[in-house]
Amino acid sequence: MRSTEEVAPDPVDARLAARLAELRAERGWSLGELAQRSGISRSTLSRAERAEISPTAALLNRLCHVYGRTMSRLLSEVEVEPALLVPAAEQPVWEDRASGFVRRSVSPPHAGLRGELVEGRLAAGADIGYDRPPVAGLEQHIWVLEGALDVMAQDVEHRLGAGDCLRLRVWGPTRFRCAGAEEVRYVLAVVLP
């Protein structure tokens, strides 16, 4: 039974839900088949495709892996045609409220370009784990602007402070954790292999 006080989904979440449903339909997959491929329950997938839930970063990462695209590329597909100049006021911002992660697409994916820039912010104590990269061998450059960030990649933990930059290719699980008492703000440069 639906509540009469339900709030309409966020417009970005609604467009994201529609795109997720399109991607599955383009492949001719049932919810059950997508559930097997992604490791996400059918009910969660169904609710995400109907914009009944706002997907977490970890859930989107799993779906991006199955669909062979980066999270930025997926999020850019729900925005208007990307422009060459991206004014700060028009940079798409997405928030994973459950984990305390805010993601600003500073330089969203664009046809013909392999790189993109993302500003990430993690609240104090926030910890996000990804079980696999969205695209195997994805190149990442993580530059911390403020605060401290622990990054676990290839079973090695890296502690980054303000000004530090970690460069790597991502093949397996990764984890990002705000290592300080204050929010951490960083730039993530993503380059497709």
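A residue counts as buried when its relative accessible area is under 20%, as exposed when that value is over 50%, and as partly exposed in between. Keep that cut-off handy for these exercises, and remember that the model is predicted.

**Exercise 1. Work out whether A51 is buried or exposed, and say what its backbone is doing.**

Step 1: Find the residue. A51 sits in the loop between α3 and α4.

Step 2: Compare its accessibility with the cut-off. A51 has 16% relative accessibility, so it counts as buried.

Step 3: Look at phi. A51 has a positive value of about 60°, even though this residue is not a glycine. In the chain, A51 follows helix α3.

**Exercise 2. Do the same for Q154: where is it, and is it buried or exposed?**

Step 1: Q154 belongs to the loop between β6 (149-153) and β7.

Step 2: Its relative accessibility is 51%, so Q154 counts as exposed.

Step 3: Phi of Q154 is near 50°, again a positive value in a residue other than glycine.

**Exercise 3. Explain why the buried residues of α2 lie on the same side of that helix.**

Step 1: List them. In helix α2 (residues 31-38), the buried residues are L31, G32, L34, A35 and S38.

Step 2: Check how far they spread around the axis. They cover an arc of only 165°, so they end up on the same side of α2.

Step 3: Recall the general rule. An α-helix has 3.6 residues a turn, so residues three or four places apart point the same way.

Step 4: See what lies over them. The cover includes α1 (11-27), α3 (42-49) and α4 (57-67).

Step 5: Walk off the end of the helix. α2 is followed by G39, with a positive phi near 80°.

**Exercise 4. Now try α3: which residues are buried, and what do they pack against?**

Step 1: The buried residues of α3 are L45, S46, A48 and E49.

Step 2: These residues cover an arc of only 165° around the axis, which puts them on the same side of α3.

Step 3: Their packing partners are α1, α2 and α4.

**Exercise 5. Sort R19 and D164 into buried, exposed or partly exposed, and list what they touch.** For the contacts, skip residues up to four places away in sequence.

Step 1: Start with R19, which is found in helix α1. With 12% relative accessibility, R19 counts as buried.

Step 2: Beyond its sequence neighbours, R19 touches E26, R69, L74, E77 and V78.

Step 3: Move on to D164, in the loop between β7 (156-160) and β8 (165-170). Its relative accessibility is 36%, so D164 counts as partly exposed.

Step 4: With the same kind of neighbours left out, D164 touches I142, W143, V144 and R159.

Step 5: Add a distance. D164 and R104 are 60 residues apart along the chain, and 20 Å separates their C-alpha atoms.

**Exercise 6. Describe the largest cavity: how much space does it hold, and which residues line it?**

Step 1: Count first. There are two cavities of 30 Å³ or more.

Step 2: Take the largest one, which holds about 270 Å³ of space.

Step 3: Look at its walls. The lining has 22 residues, and N61, M71, Y130, Q140 and L188 lie nearest the centre.

Step 4: Trace where the lining comes from. At least two residues each are supplied by α5 (71-76), β2 (101-107), β3 (115-122), β5 (138-146), β9 (174-178) and β10 (184-191).

Step 5: Sort the lining by type. It divides into 12 nonpolar, seven polar and three charged residues.

Conventions: Residues numbered from 1 in each chain as written. Predicted model: local features only at pLDDT ≥ 70, side-chain atom pairs only at ≥ 80, totals over all residues. Heavy atoms only, no water. Buried < 20%, exposed > 50% of the residue type's maximum accessible area, 1.4 Å probe, protein only. Helix = DSSP H or I, 4+ residues; strand = E, 2+ residues; numbered from the N terminus. Arc of directions from axis to C-beta. Contact = heavy atoms within 4.5 Å. 1 Å grid on protein atoms, 1.4 Å probe; cavity = no way out; pocket = protein on both sides within 12 Å on 5 of 7 lines; lining within 4 Å. Points joined across faces, edges and corners; volume = space filled by probe spheres on them. Nonpolar A, V, L, I, M, F, W, Y, C, P; charged D, E, K, R; others polar.
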